[in-house]
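Please open the model in a viewer and keep the selection tool at hand. The tour below proceeds from one selection to the next and states what is found at each.

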Amino acid sequence: MRYLFLSLSALISLILNCTLSPNIPVFGVQMDFVLLGLTGVVFFEDSLSSIWYSMIGVVVMDVFFARTYGFYALQYLVAVMVFYIITKRKKKKIELYEAGLLASYLVREITGVLVCFLSDNPVNLWERMLHVTLKGIVIHAILGFLTYYLYRKAYEQRLIRPTNLDID
C-alpha cells in the first residue's frame, strides 16, 4: 500500500505540474506541485530513498519539456537535498516543514536560473526573483500548509507509514 501511495503521489503531482500549473498561474506564478509532493514525502519518510518515484516523472519532464536534458532533474535533486538537510531527524512540526519548503523553493529557482545561464539561455536573476520568486514563496507557503496536513493524514495510516516513522 505504501508503494502504491508513493507512486500515485508522484503521478498526481506530475500531472498537476504539467497540466494545471502552466494553464492557471496564480499571480503570474506557476505552482510547483512536484516540489510540494517531493517535500511532503521526504519530510514524512525522513529518507531520500522515496524520491525516485517522483524523479522518474521529472526525467520524463526533461525529455518532453526541457531544452537541456537534466534541466528539471538537477533543480529538483538539489532542492530536495537542501530540504532533507534542513529537516532530517527532527520533530515533524509544520514550522520546520515550511522553512525547508521555502528554502528548497528558493534553491530550485536559483538553480534553474543558473542552468539557463549555462545552457546559453540567459535569464535575469534579479528580475526573476522580483517578479516570480517572491510571489512564488508566498503561494508555496500557503500550498505547503495544505500539503503538510494532507501528507500527515496519509502517513497516520498504518499501511502507508514506514516502520521508522514517529508522528506526534
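The stops that follow cover aromatic rings, salt bridges, one helix position and the cysteines.

**Before starting**

This is a predicted model, in which local features need pLDDT of at least 70 and side-chain atom pairs count only at pLDDT 80 or more, while totals for chains, interfaces and linings use all residues. Residues are numbered from 1 along each chain as its sequence is written, and side-chain values use heavy atoms, with hydrogens and water left out.

**Aromatic rings**

The structure holds 12 aromatic pairs. Rings of Phe, Tyr and Trp (its six-membered ring) pair if their centres lie within 6.5 Å; planes under 30 degrees apart count as stacked, over 60 as edge-to-face and the rest as tilted.

Select phenylalanine 5 and tyrosine 151 to see an edge-to-face pair, with 5.8 Å from centre to centre and 70° between the planes. Phenylalanine 5 belongs to helix α1 (residues 2-23) and tyrosine 151 to helix α6, so this pair ties together parts that are 146 residues apart in sequence. Helices here are DSSP runs (H or I, at least four residues), as are strands (E, at least two), numbered from the N terminus. Phenylalanine 5 and tyrosine 151 are both buried, where buried means under 20% relative accessible area, exposed over 50% and partly exposed in between (1.4 Å probe, protein chains only).

Next, extend the selection to Phe5, Phe43, Phe44, Phe83, Tyr97, Tyr148, Tyr149, Tyr151 and Tyr155, which ring pairs link into a cluster.

**Lysine 92 and its partners**

Keep phenylalanine 43 displayed and add lysine 92. The charged end of lysine 92 sits over the ring of phenylalanine 43, 4.8 Å from the ring centre; the criterion is NZ of Lys or CZ of Arg within 6 Å of the ring centre and within 35 degrees of the ring normal.

Now add aspartate 46, which forms a salt bridge with lysine 92, the closest N and O atoms being 3.8 Å apart. The two residues lie in distant parts of the chain, 46 residues apart: aspartate 46 in the loop between α2 and α3 (52-65), and lysine 92 in the loop between α4 (71-87) and α5. A salt bridge is a side-chain nitrogen of Lys or Arg within 4 Å of a carboxyl oxygen of Asp or Glu. Lysine 92 counts as buried at 9% relative accessibility, and aspartate 46 counts as buried at 17%.

**The arginine 108 network**

The whole structure contains five salt bridges. Select arginine 108 and aspartate 32, whose side chains meet in one of 2.6 Å, N to O. Arginine 108 lies in helix α5 (residues 94-118) and aspartate 32 in the loop between α1 and α2 (33-45), so the pair ties together parts 76 residues apart in sequence.

Then add glutamate 109, which forms a salt bridge with arginine 108 at 2.9 Å between the closest N and O atoms. Shared partners join Asp32, Arg108 and Glu109 into one network.

**Threonine 147**

Move to threonine 147 in helix α6 (residues 125-155). Which residues does threonine 147 contact, leaving aside its neighbours within four places in sequence? They are Leu36, Gly40 and Tyr97, contact meaning heavy atoms within 4.5 Å. Threonine 147 counts as buried at 9% relative accessibility.

**The cysteines**

Finally, select cysteine 18 and cysteine 116. The sulfur of cysteine 18 is 16 Å from the closest cysteine sulfur, in cysteine 116, too far for a bond. A disulfide is a pair of cysteine sulfur atoms within 2.5 Å, and the count by this rule is zero. Cysteine 18 is partly exposed at 27% relative accessibility, whereas cysteine 116 is buried at 13%.
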